[in-house]
Amino acid sequence: MPLDFNQQVINEFRANNGRVGGPFEGGRLLLLTTTGARTGARHTTPVGYLPDGERVFVIASAGGSPRHPQWFRNLVAHPRVTVENGIFTYEAEATVLAGAERDEVFARAVEADPGWAACQEKTRRTIPVVALTPAQAGPPRFAGATPGETMGLVHEALRRELALIRRELTATGTVLGAQLRVNCLTLCQGLDNHHKGEELMMFPALRRQRPDLAPVLDRLDEEHRSIAALLTALREVLAAPAADPGAVRAEVERLTDELEEHLTYEERELIPVLDAAVG
């Protein structure tokens, strides 16, 4: 019996750490697992998402169907859900946005992709917007089989998000959209968190276990400081009420060039060390 479309996407997503082809290629996609409202069974659905700092938004459009999608009805009944982003899996709390907050986020979505407005025009129901906020239920489950593989996957996710933001900036007009601004700020926050995690845990452990790596770690620390300065410059441009997309694009390009060199060096020097430690 042939697989249905959703299951094909799920299989491809999991087999390729979040990368899929077809209509979702190059987009932001996650797997959302909910608990059946009536059956209690677990159901996984691929859904697009919008970044928003520590949380993400998903939109229950169902292509403009007159009925809410089943995954939405499930999470209304059971708000604790599981999110897979291709790099790690975590538990999240689903909150259905209401009133002005819902309208503001949906307007951001429409500005970024007019397809959402087309879906709303097809149906009388108000299309729900849901915030997925990570729940405190232990550390996330990483997709990488080894620490080195996990590092490579995290770096790949950063590269994909940067590429997507660069593409969005190239396609934008003379006004920086609200969601694109949030996408950039979320990337800055994610990079900060990634580097702080390395500085607080991985780098000190490697300095204790492998004193010979001191020159490599010193260089990586210096590169972290340089990238932090670039992130500060990008945030300053984004903070302007009428941020110039061209200025934002220039800062993102500067960040991309320096970050790519940093990630490549870190992978070359540390992935073999990390994997040898668990071999």
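**Exercise 1. Which residue takes a positive phi in the hairpin of β1 and β2, and how many residues lie between the strands?**

Solution. This is a predicted model in which local features need pLDDT of at least 70, side-chain atom pairs count only at pLDDT 80 or more, and totals for chains, interfaces and linings use all residues. Residues are numbered from 1 along each chain as its sequence is written, and side-chain values use heavy atoms, with hydrogens and water left out.

Begin with the elements: helices (H or I, at least four residues) and strands (E, at least two) are DSSP runs, numbered from the N terminus. Two strands pair if DSSP finds at least two bridges between them. Strand β1 (residues 29–35) and strand β2 (residues 42–48) run antiparallel and are joined by seven bridges, with L31 standing opposite P46 in β2. The hairpin has six residues between its strands, and G40 is the residue with a positive phi, near 80 degrees.

**Exercise 2. Find the strands that pair with β6, and give a residue pair for each.**

Solution. Take the partners in turn.

- Strand β5 (residues 80–84) runs antiparallel to strand β6 (residues 88–96), and five bridges join them; T82 has E91 as its bridge partner in β6. These two strands form a hairpin with three residues between them, where G86 in the turn has a positive phi of about 95 degrees.
- Strand β7 (residues 129–134) is also antiparallel to β6, again with five bridges, and V130 in β7 is the bridge partner of V96.
- Strand β8 (residues 141–142) pairs with β6 in the antiparallel sense over two bridges, where T89 stands opposite R141.

**Exercise 3. Explain why the buried residues of α3 lie on the same side of the helix.**

Solution. Helix α3 (residues 99–112) has 14 residues and reaches 20 Å from its first C-alpha to its last, close to the 20 Å expected at 1.5 Å a residue, the expected span being 1.5 Å times one less than the number of residues. Its buried residues are R102, V105, F106, R108 and A109. They lie on the same side of α3 because they cover an arc of only 150 degrees around the axis, the arc being that of the directions from the helix axis to the C-beta atoms. Buried means under 20% relative accessible area, exposed over 50%, and partly exposed in between (1.4 Å probe, protein chains only). What covers these residues includes β3 (50–52), β4 (55–59), α4 (115–121), β7 and α6 (178–209).

**Exercise 4. Decide why C184 and C188 are not bonded to each other.**

Solution. A disulfide is counted when a pair of cysteine sulfur atoms lies within 2.5 Å. The sulfur of C184 is 7.0 Å from its closest cysteine sulfur, in C188, and is therefore too far for a bond. By this rule the count comes to zero disulfides. C184 counts as buried at 1% relative accessibility, and C188 is buried at 0%. C184 is also one of the residues touched by I165, leaving aside residues up to four places away in sequence, where contact means heavy atoms within 4.5 Å.

**Exercise 5. Compare N17 and A62: which is buried and which is partly exposed?**

Solution. Most residues other than glycine have a negative phi. N17, in the loop between α1 (5–15) and β1, has a positive phi near 55 degrees. A62, in the loop between β4 and α2 (70–77), has a positive phi of about 50 degrees. N17 is buried at 18% relative accessible area, whereas A62 is partly exposed at 37%.
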